[in-house]
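Got your viewer ready? Load the model below and follow along, selecting residues as they come up.

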Amino acid sequence: MATSVKERTILAVDTLVKYDNPILVTTHPEKIRKEPMLGKISTAICKVQTTTPTTDVRLETVEILNGILPPKEWEEDGQIWTQQVSSTPATRLDVINLQEQLDMKLQQRQARETGICPVRRELYTQCFDELIRQVTINCAERGLLLLRVRDEIKMTLAAYQTLYQSSIAFGMRKALQAEQGKEDLIAIADELRQQKTELENTLTELRHKFDLAEKRAAELKEAEEKKYTEEIQFLKKTNLQLKTQLEGIIAPKK
C-alpha cells in the first residue's frame with residue numbers, strides 16, 4: 001500500500017524548545033515517522049562526512065532525543081501530524097536567541113520575578129529542555145545526566161507540591177475543628193452569661209431584701225432605744241419622787 005508524506009512549515013508552538021517542521025502522515029503513521037528521520041539523517045551525513053558521527057551514532061542520538069522529548073502528535077482536519085525535536089546542533093547565536101526569547105516571554109506573559117509563579121516555572125522548564133536538547137546532540141551522556149537532574153528537580157517540586165497540598169488540607173481540618181470548638185465555646189459562653197444574669201438578678205433581690213431587713217432592724221432598734229430611754233427617764237423620775245417622799249418621812253420634825 002502506498003504512503004504519502006507531506007511537510008509544511010508551521011510556526012512553532014509557543015515553546016522555547018526547537019522542533020522540526022511538522023510531518024503529515026496519511027497512512028501507516030509508524031512507518032512514515034521513521035522514513036523522514038532516516039532521510040534527514042542521511043542527508044546530513046552526506047553534507048558533512050568529515051565532522052558528523054556515524055549513522056548508528058546519529059540514529060542513537062535521535063532516539064535519545066525522542067526519549068527525552070517525545071514527538072508531538074495531533075489530528076487536524078482528519079489528518080495526523082507529527083513533530084519531532086530538532087536534531088540540528090546549536091550554535092552560539094542559538095543560545096543567545098534562546099536567552100532573548102526567554103526574557104521576552106517572561107515579560108510578555110508578565111511572570112513574577114519572585115515567589116511562586118507557574119508561568120515562570122513553565123518558561124524555565126522549556127528553556128532547560130532546550131538546553132538538554134542542545135547538549136544531547138553534542139554529547140548524549142551529558143544530556144542523559146541533565147535529564148536525570150531535570151527529573152530529580154521535577155520530583156522534588158512534586159514532593160513540595162504534595163506537601164503544600166497536604167498542609168493546606170491539614171490547615172483546613174484544623175480550621176474546621178477550631179470553628180467547631182469556637183461554636184462550643186460560644187455556646188458555653190452564652191450559658192455562662194445567662195447564669196451570670198440569673199446570679200446578678202438573685203444578688204439584686206437579696207440586696208433588696210437585705211436593705212429592707214437592715215432598715216427594719218434599724219427602725220426596731222431606734223424604737224427599742226426610744227422605749228428604753230423613756231422607761232429610764234420614768235424610772236429616774238419615779239425614783240426621785242420616792243426618794244423625796246422617803247426623806248420627808250425619815251427627817252425629824254422640829
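Start by selecting Glu205, which is partly exposed because its relative accessible area is 44%. Now add Lys209: its side chain meets that of Glu205 in a salt bridge, 3.6 Å from N to O. Both sit in helix 5, and since they are four residues apart, about one helical turn separates them. Lys209 also counts as partly exposed, with a relative accessible area of 46%. Keep in mind as you click around that this is a predicted model.

Next, pick Asp129, Arg150 and Asp151 together. Salt bridges that share partners tie these three into one network. The structure as a whole holds six salt bridges, and a couple of others deserve a stop.

Go to Glu130 and show Arg133 with it. The closest N and O atoms of this salt bridge are 2.8 Å apart. Here the partners are three residues apart in helix 4, so about one helical turn lies between them. Are these two buried or exposed? Glu130 is buried, and Arg133 is buried too.

Now select Glu122 and Arg109, whose side chains form a salt bridge at 3.2 Å, N to O. This pair links distant parts of the chain: Glu122 belongs to helix 4, while Arg109 lies in the loop between helix 3 and helix 4, 13 residues away. Glu122 has a relative accessible area of 35%, so it is partly exposed. Arg109, at 32%, counts as partly exposed as well.

Stay in that loop and click on Gln110, which lies between helix 3 (92-108) and helix 4 (118-138). What is worth checking in its backbone? Its phi is near 55 degrees, a positive value in a residue other than glycine. For context, most residues other than glycine have a negative phi. Gln110 is exposed, because its relative accessibility is 69%.

For another positive phi, jump to Asp77, where the angle is about 55 degrees although the residue is not a glycine. You'll find Asp77 in the loop between strand 3 (72-76) and strand 4 (79-83). With 74% relative accessibility, Asp77 counts as exposed.

Last stop: switch on the surface and select Val149, Ile153, Leu157, Tyr160 and Leu163. They form a nonpolar surface patch with about 470 Å² of accessible area together. Zoom in on Leu163, found in helix 5 (residues 140-250). How does Leu163 come out, buried or exposed? It is exposed, because its relative accessible area is 56%.

How values were computed
Residues are numbered from 1 along each chain as its sequence is written. This is a predicted model: local features need pLDDT of at least 70, side-chain atom pairs count only at pLDDT 80 or more; totals for chains, interfaces and linings use all residues. Side-chain values use heavy atoms; hydrogens and water are left out. Helices (H or I, at least four residues) and strands (E, at least two) are DSSP runs, numbered from the N terminus. Buried means under 20% relative accessible area, exposed over 50%, partly exposed in between (1.4 Å probe, protein chains only). Patches are made of residues with over 30% relative accessible area and no salt bridge: like charges are joined within 9 Å, nonpolar side chains (Val, Leu, Ile, Met, Phe, Trp, Tyr) within 5 Å. Accessible areas come from the Shrake-Rupley method with a 1.4 Å probe; for residues, only the protein chains shown count as cover. A salt bridge is a side-chain nitrogen of Lys or Arg within 4 Å of a carboxyl oxygen of Asp or Glu.
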